[in-house]
Amino acid sequence: MRCPKCGSLRVERLHNQEVRCQACGMVFYFVTPDTGSADFDRYKL
């Protein structure tokens, strides 16, 4: 999982889907797609 702002791999999961980047401090939400969906391009970080 990468930070969408700076691209760093140093991210930590805070809560269920809340992730914080340790490099730039941005908090973002990572949502896993449904298993029936084949459209994975919009979930790339």
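This report walks through the fold, the strand pairing and a few residues of one chain.

What you're looking at is a predicted model. The chain averages a pLDDT of 80, and 69% of its residues score at least 70. Within the strands, confidence bottoms out in β3 (residues 27-29) at a mean of 89 and peaks in β2 (residues 18-21) at 92.

**Overall layout**

There isn't a helix to be found: the chain has 0 helices and 3 strands. Going along the sequence, you get the pattern β-β-β. The chain has 45 residues, and 13% of them count as buried. Its accessible surface comes to about 3500 Å², with 47% of that belonging to carbon and sulfur atoms. As for contacts between residues at least 6 apart in sequence, 11% join residues at least 24 apart.

**The sheet**

The 3 strands make an open sheet, ordered β1-β2-β3, with antiparallel pairing. At the edges sit β1 (11-13) and β3, each of which pairs on one side only. Neighbouring strands here are turned by 30° against each other on average, if you ignore direction. As a general reminder, strands of a sheet pair through backbone hydrogen bonds, either parallel or antiparallel.

Take the β1 and β2 pair to begin with. These strands are antiparallel over 3 bridges, and they form a hairpin with 4 residues between them. On the other side of the sheet, β2 and β3 also pair in the antiparallel sense, over 3 bridges. Their hairpin has 5 residues between the strands, and glycine 25 in that turn has a positive phi of about 85°.

Some of the bridge partners are listed here.

| Residue | Bridge partner | Strand of the partner |
|---|---|---|
| valine 11 | cysteine 21 | β2 |
| arginine 13 | valine 19 | β2 |
| glutamate 18 | tyrosine 29 | β3 |

**Two cysteines and no bond**

How many disulfides does a search of the whole structure find? The count is 0. Cysteine 6 and cysteine 21 are worth a look anyway. The cysteine sulfur closest to that of cysteine 6 is in cysteine 21, at 3.7 Å, so the two are too far apart for a bond. A disulfide here requires the sulfur atoms to be within 2.5 Å. It works the other way round as well: for the sulfur of cysteine 21, the closest cysteine sulfur is the one in cysteine 6.

Is cysteine 21 buried or exposed? Cysteine 21 is buried, because its relative accessible area is 0%. Cysteine 6, on the other hand, has 41% relative accessibility and therefore counts as partly exposed. Remember that cysteine 21 is also the bridge partner of valine 11.

**Serine 8 and phenylalanine 30**

Serine 8 sits in the segment before β1. Its relative accessibility is 15%, so serine 8 counts as buried; the cut-off for that is under 20%. Which residues does serine 8 touch, leaving aside those up to four places away in sequence? They are Met1, Arg2, Cys3, Cys21 and Ala23.

Phenylalanine 30 turns up in the segment after β3. With a relative accessibility of 22%, phenylalanine 30 counts as partly exposed. Phenylalanine 30 and valine 19 are 11 residues apart in sequence, and their C-alpha atoms are 6.8 Å apart in space. Valine 19, as the table shows, is the β2 bridge partner of arginine 13.

Key
Residues numbered from 1 in each chain as written. Predicted model: local features only at pLDDT ≥ 70, side-chain atom pairs only at ≥ 80, totals over all residues. Heavy atoms only, no water. pLDDT = per-residue confidence, 0-100. Helix = DSSP H or I, 4+ residues; strand = E, 2+ residues; numbered from the N terminus. Buried < 20%, exposed > 50% of the residue type's maximum accessible area, 1.4 Å probe, protein only. Pairing = 2+ DSSP bridges. Axes fitted to C-alpha atoms, helices over the stretch in contact; angles between N-to-C directions. Contact = heavy atoms within 4.5 Å. Areas by Shrake-Rupley, 256 points an atom, 1.4 Å probe, with all protein chains shown as cover.
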